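Thanks for making time, everyone. I'll put a structure up and walk through how it is put together.

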Amino acid sequence: GGKALPGHNVPSCYGMVEPTCVYVPLEQILDPRNFEVVCSELFGPFFVLTSYDDSSLPSVLSACERMSHHLTAACVSNDSDFQAAVLASTVNGTTYTGRRARTTGAPQNHWFGPAGDPRGAGIGSPEAIKLVWSCHREIIEDRKVPE
């Protein structure tokens, strides 16, 4: 990744580039020496991918709660028991769950949270924070995909 994307009409000042994805073993993500770097939010097409199994799910959920900002998350699964375990063990402002759970930094009804830390809001003015801050968790479910 990181190469300029060909064949688009987006002005070059916006930097249309191929996404980059790196695989980092879960054990390395959980290592305190690596955690902050691996979990830092980047505003670009960069993804960190890992793998886990049922036995390591508690470690994954613990890592989710170790992150400094809890704005948006997704639990993509058809398994209602798995969804329940994830939703019961994590706290995020907006959580998407279901077959087509998707996550974005700017959904229409984005509730910024957890309350009390304006650094997590990602919006610039005290007035905007007052207008959008909600102090509650929004769970958006997608259980049935239309034919």
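How many aromatic pairs does the structure hold? Zero, where a pair means rings of Phe, Tyr and Trp (its six-membered ring) with centres within 6.5 Å, planes under 30 degrees apart counting as stacked, over 60 as edge-to-face and the rest as tilted.

Before I go on, some housekeeping. This is a predicted model, where local features need pLDDT of at least 70 and side-chain atom pairs count only at pLDDT 80 or more, while totals for chains, interfaces and linings use all residues. Residues are numbered from 1 along each chain as its sequence is written, and side-chain values use heavy atoms, with hydrogens and water left out.

Okay, the overall layout. The protein chain has five helices and five strands, and by those I mean DSSP runs numbered from the N terminus, H or I of at least four residues for a helix and E of at least two for a strand. Starting at the N terminus, the order is β-α-α-β-α-β-α-β-α-β. Of the 147 residues in the protein chain, 26% are buried; buried is under 20% relative accessible area, exposed is over 50%, and partly exposed is in between, with a 1.4 Å probe and protein chains only. As for contacts, meaning heavy atoms within 4.5 Å, take those in the protein chain between residues at least 6 apart in sequence: 53% of them join residues at least 24 apart.

Now let's look at α3, residues 57-66. Its buried residues include Leu-57, Val-60, Leu-61 and Ala-63. Looking down the axis of α3, the buried residues fall within an arc of 155 degrees, so they line one face of the helix; that arc is taken from the directions from the helix axis to the C-beta atoms. And what covers them? Among the elements covering the buried residues of α3 are α1 (26-30), α2 (32-38) and α4 (80-89).

Over to α4, then. Phe-82, Gln-83, Val-86 and Leu-87 are buried there. Down the axis of α4 the buried residues sit within an arc of 125 degrees, so they too line one face of their helix. Asp-81 and Ala-88, on the other side of α4, are exposed. The buried residues of α4 pack against α3, and also against β3 (72-76), β4 (94-98) and β5 (138-142).

That brings me to the cores. In soluble globular proteins, nonpolar side chains tend to be buried together. I'm calling something a nonpolar core if it is a set of buried Ala, Val, Leu, Ile, Met, Phe, Trp, Tyr and Cys residues joined through side-chain atoms within 4.5 Å. The largest one here has seven residues: Leu-26, Leu-57, Val-60, Leu-61, Cys-75, Phe-82 and Val-86. Two elements, α3 and α4, give it two or more residues, and α3 supplies the largest share, with three. If you click on Phe-82 and skip its neighbours within four places in sequence, you'll find Tyr-52, Leu-57, Cys-75 and Ser-77 in contact with Phe-82. There's also a second, separate core of five residues, including Val-24, Phe-35, Val-38 and Ala-63.

Let me stay with Val-24 for a moment. Val-24 is in the loop between β1 and α1, and it is buried, at 16% relative accessibility. Val-48 is 24 residues away from Val-24 in sequence, yet 6.7 Å away in space, C-alpha to C-alpha. Leaving out residues up to four places away in sequence, Val-24 touches Ile-29, Val-48, Leu-49 and Thr-50.

Next door is Tyr-23, in strand β1 (residues 20-23). Tyr-23 is partly exposed, at 48% relative accessible area. Counted the same way, with residues up to four places away left out, Tyr-23 touches Leu-49, Thr-50 and Ser-51. Between Tyr-23 and Leu-49 there are 4.7 Å, C-alpha to C-alpha, for a separation of 26 residues in sequence.

Last topic: charges. How many salt bridges does a search of the whole structure find? One, using a side-chain nitrogen of Lys or Arg within 4 Å of a carboxyl oxygen of Asp or Glu. The partners are Asp-31 and Arg-33, with their closest N and O atoms 2.5 Å apart. Asp-31 is buried, at 14% relative accessible area, whereas Arg-33 is exposed, at 70%.

Another charge to look at is Arg-66, whose charged end sits over the ring of Phe-35, 3.8 Å from the ring centre. For that I need NZ of Lys or CZ of Arg within 6 Å of the ring centre and within 35 degrees of the ring normal.
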